[in-house]
Amino acid sequence: MKACKPAILALAILASLPAFAQVRLAVDAGKPGAVIDKNVYGQFAEHLGTGIYGGIWVGPGSTIPNTRGWRNDVVGALKDLHVPLVRWPGGCFADEYHWRDGIGPRATRPVKVNTNWGGVPENNAVGTHEFFDLVELLGADAYVNGNLGTGTPQEMAEWVEYMTSEGESTLARLRARNGHAQPFKVAYFAIGNEAWGCGGNMKPDYYASLYNHYATFLKAPPHARPKLIASGGNGDDSSWTEVLSRDAARGTDGISFHYYTLPTGAWEKKGAAIGFPESEWFSTMAAALRIDEHIRRNVAILDKNDPQKTIGFYVDEWGTWYDVEPGTNPGFLFQRNTIRDAVVAALHFNIFHAHADRVRMTNIAQMVNVLQAMIVTDKDRMLLTPTYYAYKMYVPFQGATALPVTLSNNTTYASNGRGVPGISASAARGRDGKTYVALVNTDPAQATDVVLDVAGQAAHAVRGQVLTADAMDAHNTFARKDAVKPAPFSASAAGGRLTLRVPAKAVMVVAVEG
Ligand code: AHR
């Protein structure tokens, strides 16, 4: 054999080796699955820290531009996310909230103490009418969380009547005197929150009885009846889903579930939001991906007790929860939001899509300034977080029809002897008829080539956006608001292969072009 020159040999070897691992993604556009309910992209706004007061509500007298008290900048940014649904007023706050405190002239509303969140005064400036004004401004549906913990069946029933009654009842007239003659549209109403914890430290059987008791008296005109939500379990505990789907199923539209991603898994020392080691990038990815096994376990119980699939599985609190930002009120749960959070959000979206037939609503915690927020404000300033951009990129998946995806030859992102899948994928037929593909790369250092194969339609190119950053904790600040933001992405087929290079630590959403 003739000897090759070393330089030529090296080039030949390089050309025969793929520069990046090659993963194959098969999408079957001919086998549409369940519709991805738009409410999978729901939000949560609690009376907690500056999540409402200052963050989105500034009051009509504020020098910050607002509409009837709601900040124009924040509302405008949220409208771009097509927020479908907002959950309010809590969280733990809900079980100490008495709705009559939040109606009538704001100047005369009682001032309470927010015992759950920082012990700060709660002046009730945002109440029922203000909340419905917000959801109307956003074009969103309302998810109202009732007070089971410290309220009575009468108080809860009267709130539902106040909001929904069309007649001449005293409560309907009171609502009209307070400025809203027409009933409010309550899309969802939950009976308590985290009954296993801040909502009353109950056992599932006891809560199931209370749920049935309270639900009996929640009356609304038949066409305006809110979907009722039973407050379920969290984390590894699926006993709530078991008991509630068996004993509280009558009239229940959904059972809620909470799951937070903690880098260390320990509530006492959760891990830092920025400046964290790669081991905590890895453990955050691994923890986020565990939502899949939690959904599977609970859905298996629902499939047994509710084979007709009348009960939805609503993950109405989820997201990252880090050690609170040093120097801020620990009760306000403010944390920085980085590219890691965007990747965590997109991993959740892909998993929620895979369970679209049961997971019909989710609510990230929380919308503004609290935990894994979309938006951070500081007085009159506002910035959009990487999580915001993940939500924006996934807008085409709202109401889309899930398509089956198969990943083969997937990479493994490994750390300290443990591994998670390198690529996560989802695909759907959007309401505009286009096929959308979402890809997430959990590896913070390695890009990956994904060869896309779409059955049932021509696929010669893709066009969309990619969100990535150089550092694992890259984030936006008021000094650098655009440090992390999506960039355009496109790829065309070459040699019969359509290859998408997904950068390290990235979220990508593309539309397939024929
Ligand atoms: O989202 C913050 C808190 O987390 C909520 O108030 C509570 O329901 C959960 O424990």
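## Exercises: a helix, a ligand and a loop

The buried residues of helix α7 (residues 239-247) are W240, T241, V243, L244 and S245. Buried here means under 20% relative accessible area, exposed over 50%, and partly exposed in between, using a 1.4 Å probe and protein chains only. Helices (H or I, at least four residues) and strands (E, at least two) are DSSP runs, numbered from the N terminus.

The model is predicted, so local features need pLDDT of at least 70 and side-chain atom pairs count only at pLDDT 80 or more, while totals for chains, interfaces and linings use all residues. Residues are numbered from 1 along each chain as its sequence is written, and side-chain values use heavy atoms, with hydrogens and water left out.

**Exercise 1.** Find what covers the buried residues of α7, then follow N298.

*Step 1.* The cover includes α6 (204-216), β10 (227-230), β11 (254-261), α9 and β12 (312-320).

*Step 2.* Go to α9 (residues 291-305), where you'll find N298. N298 has a relative accessible area of 0%, so it counts as buried.

*Step 3.* Look for its partners. Not counting residues up to four places away in sequence, N298 touches S238, T241, F257 and F313; contact means heavy atoms within 4.5 Å.

*Step 4.* Zoom in on T241: its side chain and that of N298 are joined by a polar contact of 2.6 Å. Such a contact is a pair of N or O atoms within 3.5 Å; within protein, one must be able to donate a hydrogen and the other to accept it, and residues adjacent in sequence count only if both atoms are side-chain atoms.

**Exercise 2.** Work out which residues come nearest the ligand.

*Step 1.* Of the 14 residues around the ligand (a heavy atom within 4 Å), the nearest are E46, C92, E194, Y260 and E317.

*Step 2.* Now check the ligand's oxygen atoms. One is 2.9 Å from a polar backbone atom of C92. An oxygen also lies 3.0 Å from an N or O atom in the side chain of N193, and for the side chain of Q366 the distance is 2.9 Å.

**Exercise 3.** Decide whether N123 is buried, partly exposed or exposed.

*Step 1.* Locate N123 in the loop between β7 (120-122) and α3 (128-138).

*Step 2.* Its relative accessibility is 38%, so N123 is partly exposed.

*Step 3.* Within the loop, the N123 side chain reaches the backbone nitrogen of A125 at 2.9 Å.

*Step 4.* Leaving aside neighbours within four places in sequence, N123 is in contact with Y53, R109, P110 and V111.
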